[in-house]
Amino acid sequence: TTAQDAAQKLARLGKRAVPVLSEVLKSSFEAEPPKDKPVDRQKVQLTYYSLWALSRIKLAEAATPLLPILTNEKAAEQLRALALEALGLELIPEGGAVLQKIAAADPSMDMRRRALSQLSIMPNFWIAAEKLFVDALSDPDDDVRALAAKQCRYAKIYVSATDKLIEMAEQEQNQTVRTNVLLALTQMRSKKAVPALVRVCRNPETSAYLQPLALRAVNAIAGMSFKEQKGLERWWEKFGEKEYGKLEALVPEEKAPAAPPPSEGTPAP
């Protein structure tokens, strides 16, 4: 209790407390305590509370001492999770790269989710993290896909995610993920998504929860105000398919053209 109270007071001191907290953390942290010795509980406590206090101070100099722990996969996950949520992490340029690395390939699924979640609230890193979030749309983990789709909704700038989101609007099985996909397409206003959204609306297997979301997305993108499916179907058959159907066949600009087949006698790359 005394240690916790001290950590809270030091965190409130802010910049003045950073040097001593950094020194305490550096001298007490052990990634792998010696196996032939009993656990030094005082060191463990010093490490935890000095790290906690530094993580609550929104300064670059407070977040920098946490990077060695954050990048050390052998460190206790509780400590890494604290470092990952540090308020000052967004203020150091290398913070974004570290979070991306953890989100993409950390052995701990929980750390991957946490890193994605942190990146989603750090606008400074959104542009650099576009590929990470777009790739995460194909992740086998439902929570990761949901986070990635939600990020596409809030960032709105991830154009390279459009084709994958359109595919997921029709094929995604998890309702939470699919909800975020439909909301993302609504915000991104991609005209290319309209044919798929119309099919979602007209599909009898679409749930009563998702159908209004798909209809709202069509309204937002096409500038319409349909309140029910019948109006949508009449518009689609008379005007909509002619205007938006051709967009679905467009080749995405971000995809490079396929390489020509190797000529006879030339080894394939």
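**Note on the aromatic pairs and overall form of the chain**

1. Ring pairs join F226, W235, W236 and Y244 into a cluster. The model is a predicted one, and the remarks below should be read in that light.

2. Within this cluster, one pair can be described in detail. The ring centres of F226 and W235 are 5.5 Å apart with their planes at 50°; planes under 30 degrees apart count as stacked and over 60 as edge-to-face, so this pair is tilted. F226 has a relative accessibility of 15% and counts as buried. W235 is buried too, with a relative accessible area of 10%.

3. How many aromatic pairs are there by the ring-centre rule? The count comes to five. One of them is formed by F133 and Y158, which are stacked, with 6.1 Å from centre to centre and 25° between the planes. F133 belongs to helix 9 (residues 130–136), while Y158 sits in the loop between helix 10 (142–155) and helix 11 (162–171), so the pair ties together parts that are 25 residues apart in sequence. Both F133 and Y158 are buried.

4. As to secondary structure, the chain has 15 helices and zero strands. Helix 3 (residues 41–55) contains Y49.

5. Is Y49 buried or partly exposed? Its relative accessibility is 23%; buried means under 20%, so Y49 counts as partly exposed. Leaving aside residues up to four places away in sequence, Y49 touches A3, Q4 and A7. Y49 and E228 are 179 residues apart along the chain, and their C-alpha atoms are separated by 57 Å.

6. The overall dimensions deserve a comment. The radius of gyration of the chain is 25 Å, whereas a compact globule of 269 residues would have one near 18 Å. Along the principal axes, the C-alpha atoms fill a box of roughly 75 × 60 × 30 Å.

7. On packing, 43% of the 269 residues count as buried. Taking contacts between residues at least 6 apart in sequence, 65% join residues at least 24 apart.

8. On the surface and charge, the chain exposes about 15500 Å², and carbon and sulfur atoms supply 53% of that area. There are 37 positive and 34 negative side chains in the chain. The centres of the two sets lie 6 Å apart.

Definitions and conventions
Residues are numbered from 1 along each chain as its sequence is written. This is a predicted model: local features need pLDDT of at least 70, side-chain atom pairs count only at pLDDT 80 or more; totals for chains, interfaces and linings use all residues. Side-chain values use heavy atoms; hydrogens and water are left out. Rings of Phe, Tyr and Trp (its six-membered ring) pair if their centres lie within 6.5 Å; planes under 30 degrees apart count as stacked, over 60 as edge-to-face and the rest as tilted. Helices (H or I, at least four residues) and strands (E, at least two) are DSSP runs, numbered from the N terminus. Buried means under 20% relative accessible area, exposed over 50%, partly exposed in between (1.4 Å probe, protein chains only). The radius of gyration is taken over C-alpha atoms; the globule rule is 2.2 Å times the number of residues to the power 0.38. Contact means heavy atoms within 4.5 Å. Accessible areas come from the Shrake-Rupley method with a 1.4 Å probe; for residues, only the protein chains shown count as cover. Lys and Arg count as positive and Asp and Glu as negative; His and the chain ends are not counted. The place of a charge is taken as NZ of Lys, CZ of Arg, CG of Asp or CD of Glu.
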